[in-house]
Amino acid sequence: MKDAFDRDITYLRISITDLCNLRCLYCMPDGVCRKRHEDILSFEEITEIAAAAASLGVKKLRVTGGEPLVRRGCAELCAMLAAIDGIEELVLTTNGTLLPRYAGALRQAGVRRVNISLDTLDPAKYSRITGGMGRLDDAVAGIRAAQDAGFAPLKINVVLIGGFNDDEIPAFAELTRRQPIELRFIELMPMGGRFGPEAYIPVGTVLERVPALTPLPDDGGVARLYRLPGGQGRVGLISPISRHFCASCNRLRLTSEGHIKPCLHSDRELPLRGLHGDALTEALRAAIAAKPAMHGVLDADHMSAAGRGMYTIGG
């Protein structure tokens, strides 16, 4: 289905929990208001909404959180979503620390790709950025578990944070020389984390720090792609601030309590919980019609108007 700006809406990101086993400083606030179990969509409700979205042309689903793997039965939900008629691609975003336990089950459930968040290669800095809750060894073990389970291509997401991990840009890029992974640098978005606008650096910095990167053809995704000479993998640059991709945005976002967001950086939300059949389909049509031409985050000094933290929307 097309929106008012002739964009085909084919992608639904589904947050299944606000909870996370880490406390990343750019994502989670100091105090997290824990929702009651009954306030969160059931697996059956999520599947019904996803099926309605598929009937309107959605072909790709991404399961997110919080950390989706902290919700019991995540693999079972993935199997339910993978079975929906019209869904061609099911993917999942995770911090990776629980993948040694769940990677095989996710693969069997029909998940075809995982994106793993990893913002530093230094153990002490990893502990710091995760609020003292994480160990780098656990994330690395998760990456290996995903590879062993057959997830390919494996994508690793790095949020660029000036003064924290920008000195690691060459080391991150170097990972793609010897491994068939896509290492994606993402600009820090002003969404209420514990870093100010001074921590923002544009992804163009990557090309300055790693001048050997050569551009690759556009594959239709949000990342501009590059490769190191002789590299097995690719480097992706995602620029929601410095070079936004709103004109090609094809996604909606479903929060864990059942609100559909037409745009990440808008406070516009439509409640879906309790709707069924034609009423649910019409609400999704309304969400698609409500997608703005572009978001209002013109630079790092303009706070997102999302109205909630990233961990409550889905990474």
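A residue is treated as buried when its relative accessible area is under 20%. The model examined here is predicted, and this cut-off is applied to its helices, strands and individual side chains in what follows.

By that criterion, Leu136, Ala139, Gly142, Ile143, Ala145 and Ala146 of helix H5 are buried. Helix H5 comprises the 13 residues 136-148. The distance from its first C-alpha to its last is 18 Å, close to the 18 Å expected at 1.5 Å a residue. The cover over the buried residues of H5 includes two helices, H3 (99-109) and H4 (123-129), together with strands S4 (113-117) and S5 (154-160). Beyond the helix comes Gly150, which has a positive phi near 95°. The loop between H5 and S5 also holds Pro153, and the peptide bond leading from Ala152 into Pro153 is cis, with omega near -5°.

Helix H2 (residues 74-82) likewise carries a set of buried residues, namely Cys74, Ala75, Leu77, Cys78 and Leu81. These residues lie on the same side of H2, because the arc they cover around the axis is only 155°. An α-helix has 3.6 residues a turn, so residues three or four places apart point the same way. Among the elements covering the buried residues of H2 are strands S1 (11-15), S2 (60-64) and S3 (89-94), as well as helices H1 (43-55) and H3.

Leu81 of H2 is also prominent in the largest nonpolar core, which has 85 residues. Within this core, Leu81, Leu106 and Phe185 touch the most other members. The largest share of the core, seven residues, is supplied by H1. With neighbours within four places in sequence set aside, the contacts of Phe185 are Val158, Leu160, Ile169, Phe172, Ala173, Val203, Val206, Val235, Gly236, Leu237 and Ile238. Two of these contacts, Val158 and Leu160, point one way from S5 along with Leu154 and Ile156.

Strand S5 is largely enclosed by the rest of the structure, since seven of its seven residues are buried. Lys155, Asn157 and Val159 point the other way from Leu154, Ile156, Val158 and Leu160, and the residues of both groups are buried. S5 runs parallel to S4, to which it is joined by three bridges, and Ile116 stands opposite Ile156 in this strand. S5 also runs parallel to strand S6 (residues 181-187), with seven bridges joining the two. Here Lys155 is placed opposite Glu182 of S6.

A comparable description applies to strand S2, where five of five residues are buried. From S2, Lys60, Arg62 and Thr64 point one way, whereas Leu61 and Val63 point the other, and all are buried. S1 and S2 run parallel and are joined by five bridges; Ser15 stands opposite Thr64 of S2. S2 further pairs with S3, again in the parallel sense, over four bridges. In that pairing, Glu89 of S3 is the bridge partner of Lys60.

The backbone contains further features of note. Most residues other than glycine have a negative phi, and most peptide bonds are trans. A cis peptide bond nevertheless joins Gly65 to Gly66, with omega about 20°, and Gly66 is located in the loop between S2 and H2. Asp6, a residue other than glycine, has a positive phi near 65°. Asp6 belongs to the segment before S1 and is exposed, with a relative accessible area of 54%.

Cysteine pairing was examined across the whole structure, and zero disulfides were found. A disulfide is a covalent bond between the sulfur atoms of two cysteines. For Cys246, which is in no disulfide, the nearest cysteine sulfur is that of Cys263, 6.4 Å away. Because the cut-off for a disulfide is a pair of cysteine sulfur atoms within 2.5 Å, the 6.4 Å between the sulfur of Cys263 and that of Cys246 is too far for a bond. Both cysteines are nonetheless buried: Cys246 has a relative accessible area of 9%, and Cys263 has a relative accessibility of 14%.

Key:
Residues are numbered from 1 along each chain as its sequence is written. This is a predicted model: local features need pLDDT of at least 70, side-chain atom pairs count only at pLDDT 80 or more; totals for chains, interfaces and linings use all residues. Side-chain values use heavy atoms; hydrogens and water are left out. The expected span of a helix is 1.5 Å times one less than its number of residues. Buried means under 20% relative accessible area, exposed over 50%, partly exposed in between (1.4 Å probe, protein chains only). Contact means heavy atoms within 4.5 Å. The arc is that of the directions from the helix axis to the C-beta atoms. A nonpolar core is a set of buried Ala, Val, Leu, Ile, Met, Phe, Trp, Tyr and Cys residues joined through side-chain atoms within 4.5 Å. Two strands pair if DSSP finds at least two bridges between them.
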